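Work through the exercises below with the sequence and the coordinates open beside you. Each task is followed by a solution that goes step by step.

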Amino acid sequence: EFIGMLIGTALRHDEPLIDLQLAPSVWRAVHSGPQLEQGALDGALREADVQLADSLHALAMLADPAVGGGMSDAELEDMCVVEGFTTTLSNGQQVELWPHSRHVRVRVAALPAYARLVSRARAAESAPQLAAMRAGLLQCVPARALALWAPH
């Protein structure tokens with residue numbers, strides 16, 4: 001909340017008190033609330049972790065016979081790329097992408113869904129912090145006035 005209040009104070013007083021280098025998706029979430037559409041999630045993930053975004057895209061492409069070359073489930077299992085419907089968050093914690101999915105085998109056909117679920121999980125991990133920043137900002141700047149400010 002404090003960071004949001006600091007941003008709000010800087011906005012209200014037209015003083016560049018801080019030079020925060022935050023991803024554009026962070027500014028958008030603080031300004032407008034969380035963006036939950038898949039396209040916005042993919043963009044936010046790319047801004048925060050380009051390597052993971054590229055890896056998820058490559059995994060999803062393996063399900064396309066034209067790109068993946070008709071990879072079989074056995075070949076995917078041999079690669080040991082994905083062992084279950086889990087992901088590791090930025091704090092190192094491994095989480096299931098839906099309840100009791102740790103031991104559900106990921107098949108080639110499910111790779112696009114797996115990539116979407118990982119994107120959603122990674123976006124959700126920062127939601128409480130973004131909500132707190134937004135709450136702090138709204139303590140200093142009324143929501144109606146905030147609507148006049150466009151994040152870049």
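The exercises move from the overall fold to one helix, the nonpolar cores, the aromatic rings and the salt bridges.

This is a predicted model, in which local features need pLDDT of at least 70 and side-chain atom pairs count only at pLDDT 80 or more, while totals for chains, interfaces and linings use all residues. Residues are numbered from 1 along each chain as its sequence is written, and side-chain values use heavy atoms, with hydrogens and water left out.

**Exercise 1. Describe the secondary structure pattern of the chain and the share of its residues that is buried.**

Step 1. Helices (H or I, at least four residues) and strands (E, at least two) are taken as DSSP runs and numbered from the N terminus. The chain holds nine helices and two strands, and in sequence order they follow the pattern α-α-α-α-α-α-β-β-α-α-α.

Step 2. Buried means under 20% relative accessible area, exposed over 50%, and partly exposed in between (1.4 Å probe, protein chains only). Of the 152 residues in the chain, 31% are buried.

Step 3. Contact means heavy atoms within 4.5 Å. Of the contacts between residues at least 6 apart in sequence, 61% join residues at least 24 apart.

**Exercise 2. Test the length of helix α7 and determine where its buried residues lie around the axis.**

Step 1. The expected span of a helix is 1.5 Å times one less than its number of residues. For the 15 residues of α7 the expected span is 21 Å, and this agrees with the 21 Å between its end C-alpha atoms.

Step 2. The buried residues of α7 are Leu111, Tyr114, Ala115, Val118, Ser119, Ala121 and Arg122. They cover an arc of only 165° around the axis, and are therefore on the same side of α7; the arc is that of the directions from the helix axis to the C-beta atoms.

**Exercise 3. Identify the residues with the most contacts inside the largest nonpolar core, and the elements that give two or more residues to this core.**

Step 1. A nonpolar core is a set of buried Ala, Val, Leu, Ile, Met, Phe, Trp, Tyr and Cys residues joined through side-chain atoms within 4.5 Å. The largest has 19 residues, and those with the most contacts inside it are Leu56, Leu111 and Tyr114. The elements that give two or more residues to this core are α4 (50-61) and α7.

Step 2. With neighbours within four places in sequence left aside, Leu111 is in contact with Leu59, Ala60, Leu62, Ala63, Leu76, Val82 and Val106. Another core, apart from the largest one, has 11 residues, among them Trp27, Val30, Met133 and Leu137.

**Exercise 4. Classify the aromatic pairs and place their members in the chain.**

Step 1. Rings of Phe, Tyr and Trp (its six-membered ring) pair if their centres lie within 6.5 Å; planes under 30 degrees apart count as stacked, over 60 as edge-to-face and the rest as tilted. The whole structure yields two aromatic pairs.

Step 2. Phe85 and Trp98 form a tilted pair, at 4.5 Å centre to centre and 45° between the planes. Phe85 is in the loop between α6 and β1 (86-88) and Trp98 in the loop between β2 and α7, 13 residues apart. Phe85 is buried, with a relative accessible area of 5%, whereas Trp98 is partly exposed, at 37%.

Step 3. Phe85 and Tyr114 form an edge-to-face pair, at 5.9 Å centre to centre and 65° between the planes. Because Phe85 lies in the loop between α6 and β1 and Tyr114 in helix α7, this pair ties together parts that are 29 residues apart in sequence. Tyr114 counts as buried, at 8% relative accessibility, and the ring pairs link Phe85, Trp98 and Tyr114 into a cluster.

**Exercise 5. Locate the partners of three salt bridges and state how exposed they are.**

Step 1. A salt bridge is a side-chain nitrogen of Lys or Arg within 4 Å of a carboxyl oxygen of Asp or Glu. The search of the whole structure finds seven salt bridges.

Step 2. Glu47 forms a salt bridge with Arg28, with the closest N and O atoms 3.3 Å apart. Glu47 is in helix α3 (residues 38-48) and Arg28 in helix α2 (residues 24-32), so the pair links distant parts of the chain, 19 residues apart. Glu47 is partly exposed at 36% relative accessibility, and Arg28 is partly exposed at 33%.

Step 3. Asp73 forms a salt bridge with Arg107, the closest N and O atoms being 3.4 Å apart. Since Asp73 lies in helix α6 (residues 73-79) and Arg107 in the loop between β2 (94-96) and α7 (111-125), the pair ties together parts that are 34 residues apart in sequence.

Step 4. Glu125 forms a salt bridge with Arg122, at 2.5 Å between the closest N and O atoms. The two are three residues apart in helix α7 and therefore separated by about one helical turn. Glu125 is partly exposed, with a relative accessible area of 22%, whereas Arg122 counts as buried at 18%. A network of salt bridges links Asp49, Arg122 and Glu125.
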